[in-house]
Amino acid sequence: MSSEPTRRIVVFRHAKAEWSDVDDHERPLADRGRKDAPVAGRWLAGSGIDPDLALCSTSARTRETWKLAVPELSQRPRTVYEERMYEASLGELIALLNEVSDEVRDLVLIGHNPGMHALADALAGESDGDLLPRMNRTGFPTSAIAVLAFTGSWKGVEHGVGRLVAFWAPHA
């Protein structure tokens, strides 16, 4: 049995956003997104995960999603609004994970597709039951949450390191 701590990565796609004439970075949530974000927060609270740290994209829709979801948690984690998460590639997201302090046990990332789906899929070397095919079938819709568990240091996060232990989406 490993003496390495088990860590969890919560991959959380922002809630449904409006399609409007504003710059993409400044798009607000749609009415459905404002309803779904607290529901996602309640699901996360019910999962038994109390994140130590949240890394949130700086876009308006991700900040609003987190603002509506976080009150549902039993405690508010330290939140860092990270510019590099906006339009981040899979490689950039993994690089961000590799920078996380090993004092952090559970981390939530609030970001965008295609990066959130790509990250959850790439890290999931295995999954409980049919979670991985189910996650990939849904296309990782807005407000979707994937939870991956792994052992070891954040510096060692790479393709296939995790086990997909939960997947949830409000309308899937």
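## Salt bridges along helix 1

Let's start with R32, which counts as partly exposed at 40% relative accessibility. In this predicted model, the R32 side chain meets that of D36 in a salt bridge, with an N to O distance of 3.4 Å. The two residues sit four places apart in helix 1 (residues 31-46), so about one helical turn separates them. D36 is the buried partner: its relative accessibility is 6%, and the cut-off for buried is under 20%.

Helix 1 also contributes R42, whose side chain forms a salt bridge with that of E72 (3.4 Å, N to O). E72 belongs to the loop between helix 2 (60-69) and strand 3 (78-82), while R42 is in helix 1, so this pair ties together parts that are 30 residues apart in sequence. Both ends are partly exposed, with relative accessibility of 29% for E72 and 45% for R42.

## A bridge around helix 3

Moving along the chain, R84 and E99 form another salt bridge, and their closest N and O atoms are 2.9 Å apart. This pair links distant parts of the chain, 15 residues apart: R84 lies in the loop between strand 3 and helix 3 (90-98), and E99 in the loop between helix 3 and strand 4 (106-111). At 42% relative accessibility, R84 is classed as partly exposed.

## The wider set of salt bridges

If you are setting up charges, here is the overall tally: the structure holds 12 salt bridges. Some charged side chains are joined in a network, with D24, R27 and R61 linked by salt bridges.

## R13, a buried arginine without a salt bridge

Now for a contrasting case. R13 is found in strand 1, which covers residues 6-13. This arginine is buried but has no salt bridge. The nearest side chain of opposite charge is D24, at 9.6 Å, and a salt bridge requires the nitrogen and the carboxyl oxygen to be within 4 Å. D24 itself takes part in the network with R27 and R61.

What does lie close to the polar side-chain atoms of R13? The backbone oxygen of F140 is 2.9 Å from one of them. Beyond its neighbours within four places in sequence, R13 is in contact with a run of residues from F140 through P141, T142 and S143 to A144. G111, N113 and M116 are also among the contacts of R13.

Note on methods: Residues are numbered from 1 along each chain as its sequence is written. This is a predicted model: local features need pLDDT of at least 70, side-chain atom pairs count only at pLDDT 80 or more; totals for chains, interfaces and linings use all residues. Side-chain values use heavy atoms; hydrogens and water are left out. Buried means under 20% relative accessible area, exposed over 50%, partly exposed in between (1.4 Å probe, protein chains only). Lys and Arg count as positive and Asp and Glu as negative; His and the chain ends are not counted. A polar contact is a pair of N or O atoms within 3.5 Å; within protein, one must be able to donate a hydrogen and the other to accept it, and residues adjacent in sequence count only if both atoms are side-chain atoms. Contact means heavy atoms within 4.5 Å.
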